[in-house]
Amino acid sequence: MTGPVLPRLAGLAYGGDWNPEQWPESCWPEDLALMSEAGVNLVTVGVFSWAALEPEPDRFTFEWLDRVLDLCAEAGVAVDLATATASPPPWLGHRWPETLPVTDQGVRLSYGARQQYCPSSPIFRHRALALAERVVTRYAEHPAVVLWHVGNEYGAHTAFCWCDVSATAFREWLRERYGTLEELNRAWATSFWSQAYSAWSEVIPPRRTPYFPNPTQQLDFRRFSSDELLSLFTAERDLIRSHTTADRPITTNFMRMFKDADYWRWAAEEDVVSDDWYPDLADPDSAIEGALGADLMRSLGGGRPWLLMEQAVSAINWRSVNPPKPSGAYRLWSLQQVAHGADGVLQFQWRAALGGAEKWHSGMLPHAGPRTRSWEEVVRLGRDLAALAPVAGARSQADVAILLDWESWWALELDSRPSNLIRQKDFLLAWYQPLWEHGVAVDFAHPEHDLTGYLVVLAPQLYLVSDEGAASVIAAADAGATVVIGCFSGAVDPDDQVRPGGYPAPFRDLLGIWVEEYAPLLPGSAVALCGPDQAADASATLWTESVHAVDAEVVLSYGSGDLGGQPAVTRRSLPGGGGGWYVSCLPDPATLATLLQRMVSEAGARRAAEVPLGVEVTLRSTTETDYLFMLNHGVTESAVPLAVPGRELMTDSTAHAVVLVPPGDVRIVASPRRSPAEGAP
Ligand code: GLA
């Protein structure tokens with residue numbers, strides 16, 4: 001068990017980005033009074049304040065920020081203080097145009113929006129660190145500061161730069177990785193298409209080419225670009241660490257399933273994981289993605305609580321149509337994040353802006369002021385989170401791990417593959433959904449993590465796997481786990497070179513099968529699946545394979561097409577007691593759900609509670625107490641049976657055998673902690 005995620009802040013955090021420099025100072029007292037009304041205890045200050053703190057090179061104006069932080073301290077509102085380096089002012093790009101990022105077609109982007117910098121620019125780095133140093137030394141001991149916020153959403157707008165400065169940095173990174181040019185030529189398979197390099201100076205980022213650029217060059221450029229941004233974060237982090245106390249942790253806000261930064265590597269470098277989540281209101285399944293992303297954030301932090309750093313109270317402004325959130329959704333979706341391990345709920349932003357590109361983005365305090373529905377929802381959530389203070393620091397336990405490796409994701413979605421329709425996120429969501437619907441807790445894990453503690457290890461899509469990753473998956477199976485490998489997995493090594501001899505080479509023995517040929521399906525087509533356990537209308541879309549079962553039971557077969565009669569889903573009983581499943585296609589949702597339920601129940605994976613459809617349940621525990629979260633995403637009242645009576649925290653009442661959860665509402669029952677073995681079957 002851990003203590004609270006923010007040592008200097010009791011309970012759960014509630015608040016948002018406050019940009020006081022964008023408002024007359026006469027507004028500030030009203031802001032703080034309304035924050036108190038809403039139960040706000042944490043604000044993020046200074047994210048986009050570079051120009052307000054350094055209006056021209058080396059002229060600093062910190063006095064306004066002194067006053068802001070002092071007011072916060074007086075009002076008892078803690079501060080997540082940004083280093084203000086997220087977006088340089090126009091003077092940087094104007095005086096040093098070489099700091100501006102360049103696209104793969106050689107176009108240099110302009111200042112005038114935000115985040116316009118080349119991640120490898122030494123001038124940008126120098127200027128950013130110089131500002132950060134002033135911020136940190138000035139406020140290192142300020143009583144209001146409880147958290148440091150480095151940059152903002154690294155890579156959101158500029159994840160890559162193809163300029164000459166970046167090219168030099170890329171070459172350095174490649175020298176580090178490969179040592180010699182011969183090794184680079186081998187890894188990149190440059191004997192193909194006459195691509196062999198004869199000197200390091202010829203090696204460049206994958207700029208716009210007449211046809212597919214070298215895939216391993218593209219993959220390495222993604223690795224490099226993620227590392228390059230990360231080095232900006234760690235440089236500021238080290239600087240902060242050298243000046244501040246350990247009870248003021250350091251974070252930078254992630255963006256959920258953001259493809260362009262390898263968050264396993266990033267999370268390892270921060271004290272607290274924090275994240276921004278903007279569900280797509282047009283997606284009826286966004287609650288599932290909300291849960292998945294929250295589980296991912298918890299997992300990135302090694303199971304520690306994390307912070308929802310940004311979300312919108314209501315509308316955003318950056319999709320094509322931006323309706324307000326339906327009544328109650330702000331509360332329900334916020335508490336969902338807490339249910340999955342968040343110890344804070346923060347929003348972008350405190351007060352809705354009157355000018356600039358985000359004036360049509362909602363804030364906690366809307367344009368119309370406090371006499372509004374959304375303000376009432378803000379105040380209500382503040383009260384709820386205060387009632388949930390004892391949950392702070394509680395952790396979750398999962399018997400099931402889903403594997404996710406950013407490198408595999410990048411390689412999978414490069415050009416020149418058997419199918420461009422196969423997407424990492426779609427596979428994760430498809431496999432996650434049935435587990436979520438049945439209250440099965442899930443962790444995410446990197447294949448090279450120690451997986452031996454899990455009862456079930458799922459690899460919905462793991463196109464690329466290292467030898468170490470494959471060995472780790474096999475070690476989990478040896479330790480008794482049920483291992484499930486999805487289609488087109490184990491296909492290539494970290495150089496994106498095919499592992500030969502029948503796919504999926506590293507897992508053939510484990511699974512007792514081999515694959516002769518991949519057979520992706522054309523858009524809109526499906527292949528029937530049949531087997532003793534399945535309804536005749538089972539089918540697969542997107543992808544199929546020609547599978548040979550050598551030492552495995554055939555659970556489902558292809559029922560039509562060229563592959564008719566061949567195995568589609570197989571299971572091998574493993575000597576360690578687990579099972580080795582292979583799923584060579586994307587089964588329809590009902591069939592996939594049936595398969596996954598069988599896998600997890602055979603493996604003995606626990607469920608938080610017996611749940612009616614539409615109700616999400618999770619369990620967070622401290623050493624003393626279990627907190628059972630029940631969230632009703634449906635439109636009718638639902639009854640959740642309780643294994644142990646307890647105290648319901650939202651209604652402050654005793655909960656007996658059954659808890660009734662109204663539609664769109666949440667119930668959280670605290671009861672004495674049970675041992676892990678006592679979970680629902
Ligand atoms: C991101 C940024 C914020 C703001 C919001 C708008 O999360 O970090 O500064 O632009 O998007 O949704």
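How far from an oxygen atom of the ligand does a polar side-chain atom of Tyr 278 lie? In this predicted model, the separation between a polar side-chain atom of Tyr 278 and a ligand oxygen is 3.4 Å. Two further residues approach the ligand through polar side-chain atoms: for Arg 114, such an atom is found 3.0 Å from an oxygen atom of the ligand, and for Glu 153, an N or O atom of the side chain is placed 2.6 Å from a ligand oxygen. The ligand, which would expose 300 Å² if taken alone, has 97% of that area buried by the protein.

With regard to its location, the ligand occupies the largest pocket. The residues around the ligand comprise Phe 48, Arg 114, Asn 152, Glu 153, Asp 276, Tyr 278, Glu 310, Trp 318, Phe 348, Glu 358 and His 361. Sorted by class, this shell consists of five charged, four nonpolar and two polar residues.

Aromatic pairing was also examined, and the count comes to 33 aromatic pairs. One of these is formed by Phe 233 and Trp 266, whose ring centres lie 6.2 Å apart; because the planes of the two rings meet at 35 degrees, a value that falls neither under 30 degrees, as stacking would require, nor over 60, as an edge-to-face arrangement would, the pair is classed as tilted. This pair links distant parts of the chain, given that Phe 233 belongs to helix H8 (residues 215-241) and Trp 266 to helix H9 (residues 263-267), with the two residues 33 residues apart.

Conventions:
Residues numbered from 1 in each chain as written. Predicted model: local features only at pLDDT ≥ 70, side-chain atom pairs only at ≥ 80, totals over all residues. Heavy atoms only, no water. Near = heavy atom within 4 Å. Polar contact = N/O pair within 3.5 Å; in protein donor to acceptor, adjacent residues only side chain to side chain. Areas by Shrake-Rupley, 256 points an atom, 1.4 Å probe, with all protein chains shown as cover. 1 Å grid on protein atoms, 1.4 Å probe; cavity = no way out; pocket = protein on both sides within 12 Å on 5 of 7 lines; lining within 4 Å. Sits in = over half its atoms within 2 Å of the grid points. Nonpolar A, V, L, I, M, F, W, Y, C, P; charged D, E, K, R; others polar. Phe/Tyr/Trp six-rings, centres within 6.5 Å; stacked < 30°, edge-to-face > 60°. Helix = DSSP H or I, 4+ residues; strand = E, 2+ residues; numbered from the N terminus.
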